[in-house]
Amino acid sequence: MAYASTIKEAFQADLAGIREKGIYKEERYIHSPQAAHIQVEYPRGAPTREVVNLCANNYLGLSSHPDVVAAAHRALDERGYGMSSVRFICGTQDVHRQLEEKLTEFLGTEDTILFASCLDANAGVFEAILGPDDVMISDRLVHASIVDGIRLCKAMHDTYKHADMAHLEQKLQEHQDRRIRLIITDGVFSMDGDLAPLDQIVALAEQYHAMVFLDDSHATGFIGKTGRGVHEHFGVFGNIDIITTTLGKALGGASGGCVSGRKEIVELCRQRARPYLFSNAVPPPIAAASLKVLEILSATTERRDKLEANANFWRKAVVDAGFVIKDGDSPIVPIMLFNAKLAQDVARDLFAEGVYVVGFFFPVVAAGQARIRTQLSADHDMPMLQRALESFKKVGATYGILGLDKKGIIEKFGS
Amino acid sequence: MKELILEYIRHEYLDEDEAADMVLDDRTPLISSGIVDSFSMVSLKRFLEKKNGINIPDEEATPQAFDTVASIMVLVNKHLAKKGA
């Protein structure tokens, strides 16, 4: 046995350390399809209870939509369960290529390549196209999967302060000697819910001969007038060199992601991106259901419009109730509590009130910036949101935080 | 040198309102406190190398070595001494 007791004890000590820091993550078992109302077993072994779900990425409420489920069923019957192959050996079906073409059209790019996840897309794309003569300049709050992708790439990397265009410009000036300058940003930042100033980023990219990379995972399907993403919102649709996004959030929420962009970049990914070369094709039912999702979203903006209305209602309602939120223009509404223990306590008490939310704190967000991230869905209706609001008010009143600003909360609970 | 590094950190890593509120000295934890994330400290490393004409190997540019300006000074001085030798 190579699993020596000393090693086992070292792992146990690591786990104990995670628990002591209060950052041990526990799963809660859901006994129903993903939706705005779900049946949750928590703690383990407790009877299930119905709660309003305010922490899913199910922005458009398509995760369990009957048409999407039916499309997946059909593909299961007609194209099978799995491919048992990577794409370039014998893992590409007609549905995979159709989905790539539809995503290209939807995102306003030249071509698209599917990955098993957007994490894989982000892990593979930089290494596939950049080398030691190039530089990647990323916003400091980009998603962890982009950080991983950057770390795997041999190009130089640098960062700019979150959404700070003067700092980005300074970095672009500093790196004029590089062959390629690639500006890297999320479209909607997942913890803050704010949008990258993409019009300004594109203008700087033109001025300083840089390319633009956009991870639009928290935007595709609902940001912008027709839900195409942050590039549509800022009037720069068609001007982004590389977009990565996910099928695992608004677009049905199963799994899968893509790199969409300049034809040559996509072609290089097909030749070199390691997660594409060494990981299985997206399962046929997911590819087919994603095609159905794009069909629904191309036919009507009804769902993104409802989501926008829900998000507008919720932002105003929680501020009127006396909570501090992060400003933004997305269905991610962070309710700021600043103190890590307070965020966890409030989340726990809200669950007892029938509202499912999660507290986030350092190192997931900056120190002293603990929060409860609420996420709206087109599946929420007014009675659900009203009920959730009343619970927030009740719990907020218990802790005496309603009407307190950042300074007031920190004075009371510490940062 | 110490002042130069502190000034660089203020400009490179803090927002204006944060810089005004914060007392930053050579003992202030940078990485472990979250002022500088380990991923973004690469620009600080390049700044130190350029200003001092030294090369800090990646394996020495650890979050621990970069956690305070005092520990950064130890690392920089070591490489300056090597350069001078």
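**Exercise 1. Find the bridge partner of Leu214(A) in β9(A), then place the pair in its sheet.**

Step 1. Leu214(A) is bridged to Ile243(A) in β9(A). The model is predicted: local features need pLDDT of at least 70, side-chain atom pairs count only at pLDDT 80 or more, and totals for chains, interfaces and linings use all residues. Residues are numbered from 1 along each chain as its sequence is written, while chains are lettered from A and ligands numbered from 1 in the order in which they are written.

Step 2. Look at the two strands. β8 (residues 211–215) and β9 (residues 242–246) of chain A run parallel and are joined by three bridges. Strands pair if DSSP finds at least two bridges between them. Helices (H or I, at least four residues) and strands (E, at least two) are DSSP runs, numbered from the N terminus.

Step 3. Widen the view. The open sheet of chain A has seven strands, ordered β4-β10-β9-β8-β7-β5-β6, with mixed pairing. Its edges are β4 (111–115) and β6 (156–160) of chain A, each pairing on one side only. The average turn between neighbouring strands is 20°, direction ignored.

**Exercise 2. Determine which strands helix α7 of chain A touches, and which helix α10 of chain A lies across.**

Step 1. Apply the contact rule: C-beta atoms, placed from the backbone, lie within 7 Å. Axes are lines fitted to C-alpha atoms, for helices over the stretch in contact; angles run from 0 to 180 degrees between N-to-C directions.

Step 2. α7 (residues 165–174) of chain A packs on the sheet and touches β5 (135–139), β6 and β7 (181–186) of chain A. Its direction makes about 155° with that of β6(A).

Step 3. α10 (residues 263–272) of chain A lies across β4, β9 and β10 (257–261) of chain A. It runs at about 30° to β4(A).

**Exercise 3. Describe how domain 1 and domain 2 of chain A meet.**

Step 1. Set the bounds, which come from an automatic or database domain assignment. Domain 1 of chain A is 30–59 + 302–413, and domain 2 is 66–299.

Step 2. Their C-alpha centres lie 28 Å apart. In contact are 17 residues of domain 1 of chain A and 15 residues of domain 2 of chain A.

Step 3. On the side of domain 1 of chain A that touches domain 2 of chain A, α13 (302–320) and β12 (332–338) of chain A each supply at least two residues. The largest share, three residues, comes from β12(A).

Key:
Contact = placed C-beta atoms within 7 Å.
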